[in-house]
Amino acid sequence: MHDFVDTHPSPLPSTMHPHAHPKPQRMPRADANGFGRAEIVLMLALLAACLLAWLGPFVPQMAHYHAFADQRVWLGLPFAWDVLSNLLFAAFGVMGLWAVARRTFTVTSGERVQMALAALFFTGLLVSAACSSYYHVNPNDARLAVDRGGMVLAFAGLMGLAVAGRVSARAGMALALGVMLAGPLSVWFWAQTGNLLPWSILQGGGMLLLLVLAFIKPPPGAWPLRLSLVIALYALAKLLELADHPLYEFTSGAVSGHSLKHVIAAFAAATAVASTSS
């Protein structure tokens, strides 16, 4: 009895066929201990900003910086409208912290980081309101240093939140910590030397970073922060700041550009409150 021999063997599976071409494999992304491409680009950009702040030209503060247009006194409060317009920052800070407190059900590490950065931003709004009011009651260089220092927490929270939502949670937290270190140092450097360049790079570079991040689509689950609206309102606020005296004259003393700058900048912060409540 002869053994049965299959004279038509089945073809090899496609993965074993001698003429099959293996499918190209994607390069793995950086693991939890490595750095992704976006993180590396961000680090290089921050390094370039630091080098520019250290090696760049001397940038003096504008002459007559403290000569604000609206110097009216109301109920004994000097520069009343420049002072009182800061109340919006405090109001939105309280609203934001309340909204964050109501979102404590989130559990993932990325969400916890974004919540912490949002809380930092809203706390920064409260500090900014207090420090800016302190400055505007009696504008001078010493009080201006306090005012600028008070903005640092808000800058750190906002930039960290934007990076955490579009690059990575750890990059957002690292950037926030870096800003909280670089901010006071840049204010101290200006107070000692009169050179405003490091502070200008912190502010302007931060807005440039937000502009770049606005073109990056956030992944699912990222904090729904409308960066394009934040940038547009902040740019308008800076234009109003530059138009302090012309706007005061144009409105026949009704309102100054600097007071309106506070209002518009506060509504830029309000977009973060809206995103937290959504």
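## Long-range contacts

In this predicted model, contacts between residues 24 or more positions apart make up 73% of those in the protein chain with a separation of 6 or more. The chain that forms these contacts has 278 residues, of which 42% count as buried.

## Secondary structure and surface

The protein chain holds ten helices and zero strands. Its pattern, read along the sequence, is accordingly written α-α-α-α-α-α-α-α-α-α.

About 16,400 Å² of the protein chain is exposed, and 70% of that area is supplied by carbon and sulfur atoms.

## Confidence

The average pLDDT of the protein chain is 86, and 86% of the residues reach a score of at least 70. Residues 1-31 stand apart from this average, with pLDDT under 50 throughout. For this segment the model has six contacts beyond four places in sequence. Where pLDDT is low, predicted coordinates should not be read in detail.

## A buried arginine in helix H5

Arg148 lies in helix H5, which spans residues 141-166. This residue is buried, yet Arg148 has no salt bridge. The nearest side chain of opposite charge belongs to Asp147, at a distance of 6.5 Å. A salt bridge requires a side-chain nitrogen of Lys or Arg within 4 Å of a carboxyl oxygen of Asp or Glu.

Leaving aside residues up to four places away in sequence, Arg148 touches Gln61, Tyr65, Val187, Trp190, Leu196 and Trp199. The surroundings of this buried arginine thus include two tryptophans, Trp190 and Trp199, together with the tyrosine Tyr65.

## Positive phi outside glycine

Phe79 has a phi near 50°, a positive value in a residue other than glycine. Its place is in the loop between helix H1 (37-55) and helix H2 (80-84). The relative accessible area of Phe79 is 14%, and Phe79 therefore counts as buried, the cut-off being under 20%.

Ser252 also is not a glycine, and its phi is positive at about 55°. Ser252 is found in the loop between helix H9 (244-250) and helix H10 (257-277). With a relative accessible area of 70%, Ser252 is exposed, because that class begins over 50%. Both residues thus have positive phi values and sit in loops between helices, but Phe79 is buried, whereas Ser252 is exposed.

Key. Residues are numbered from 1 along each chain as its sequence is written. This is a predicted model: local features need pLDDT of at least 70, side-chain atom pairs count only at pLDDT 80 or more; totals for chains, interfaces and linings use all residues. Side-chain values use heavy atoms; hydrogens and water are left out. Helices (H or I, at least four residues) and strands (E, at least two) are DSSP runs, numbered from the N terminus. Buried means under 20% relative accessible area, exposed over 50%, partly exposed in between (1.4 Å probe, protein chains only). Contact means heavy atoms within 4.5 Å. Accessible areas come from the Shrake-Rupley method with a 1.4 Å probe; for residues, only the protein chains shown count as cover. pLDDT is the predictor's confidence in each residue, from 0 to 100. Lys and Arg count as positive and Asp and Glu as negative; His and the chain ends are not counted.
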